[in-house]
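Here is a friendly walk through one model, going from a helix and the core around it to a few backbone angles. Have the coordinates open as you read.

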Amino acid sequence: MKLSIITATYNSSQTVADTLASVQRQSYPNIEHIVVDGVSRDNTLDIVRQFPHVATLVSEKDSGIYDAMNKGIGLTNGDVIGILNSDDIYSNEQAIDKVMAVFEDPSVDAVYGDLQYVSRHDLGKVTRTWRAGSYTRKKFYFGWMPPHPTFFVRKTVYEEIGAFNCALRSSADYEFMLRALLKYNYKAYYIPEVLVKM
């Protein structure tokens, strides 16, 4: 199976190289990395062009990060889609292998794991850990959500229920996960380990 990873960038020159390198280092062999840039004014694009694994680079005006993510979703060719923000990294070189192994089960629609917040100046310094825990429908009623950068879904989910609602601004990721898991009852699988460092 092919995994498409979308990274939205805008003036991300201080962090994007770490993000791109963490994708490039993944041991999983079939990754399509798409970068959607909002016409950065720093040297973000120059940095992205130094990473030959990036399959698609688009730089144009957008209406915010979720609009950029929606554009990226429209460009994907993968069976599974993940979103890695331009200041996040995968926790280790096998993170994607673990995610894609779960998707070998055709009944699984979404996969997520835990996330660590790390120091901007020292990626090895953990400041907080977000342990998502296993999914139950009831948790959403109490404000629970998976960490979005660890949330991978089959492309068919986006095709069937739509992508992000940009009108919801910073709540768009929460609403999408709520829609997918609670409203449409797609099956999610929890990997109880850190997949992403933010």
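Let us begin with helix H7, whose buried residues are Ala 172, Asp 173, Phe 176, Met 177, Arg 179, Ala 180, Leu 181 and Leu 182. Please keep in mind that this is a predicted model. The buried residues of H7 pack against H3, E6, helix H5 (137-140), strand E8 (152-154), H6 and E9. As background, an α-helix has 3.6 residues a turn, so residues three or four places apart point the same way.

**The nonpolar cores**

Which residues touch the most other members of the largest nonpolar core? Among its 28 residues, these are Tyr 112, Phe 140, Phe 151, Tyr 158, Phe 164 and Phe 176. At least two residues of this core come from each of helix H3 (65-75), strand E4 (80-83), strand E6 (110-118), H6, H7 and strand E9 (188-197). The top contributor is H7, which gives six residues. There is also a second, separate core, made of 21 residues, with Ile 5, Ala 95, Val 102 and Val 196 among them. In soluble globular proteins, nonpolar side chains tend to be buried together.

**Positive phi values**

Next, some backbone angles to look up in your viewer.

| Residue | Phi | Location |
|---|---|---|
| Val 39 | near 65 degrees | loop between strand E2 (31-37) and helix H2 (44-48) |
| Arg 169 | near 55 degrees | loop between helix H6 (155-161) and helix H7 (172-183) |
| Asn 185 | about 60 degrees | just after H7 |

For Val 39, the positive value occurs in a residue other than glycine, and the same can be said of Arg 169. Are these two side chains buried or exposed? Val 39 is partly exposed, with a relative accessible area of 34%. Arg 169 counts as exposed because its relative accessibility is 67%, and the cut-off for exposed is over 50%.

**Thr 9 and its surroundings**

Our last stop is Thr 9, a residue of strand E1 (residues 3-9). Its relative accessible area is 4%, so Thr 9 is buried; the cut-off for that label is under 20%. What does the side chain of Thr 9 make a polar contact with? The partner is the side chain of Asp 37, at 2.7 Å. Leaving aside residues up to four places away in sequence, Thr 9 touches Val 16, Val 35, Val 36, Asp 37, Gly 38, Ser 40, Thr 44 and Ser 86.

Definitions and conventions: Residues numbered from 1 in each chain as written. Predicted model: local features only at pLDDT ≥ 70, side-chain atom pairs only at ≥ 80, totals over all residues. Heavy atoms only, no water. Helix = DSSP H or I, 4+ residues; strand = E, 2+ residues; numbered from the N terminus. Buried < 20%, exposed > 50% of the residue type's maximum accessible area, 1.4 Å probe, protein only. Polar contact = N/O pair within 3.5 Å; in protein donor to acceptor, adjacent residues only side chain to side chain. Contact = heavy atoms within 4.5 Å. Core = buried A, V, L, I, M, F, W, Y, C linked by side-chain atoms within 4.5 Å.
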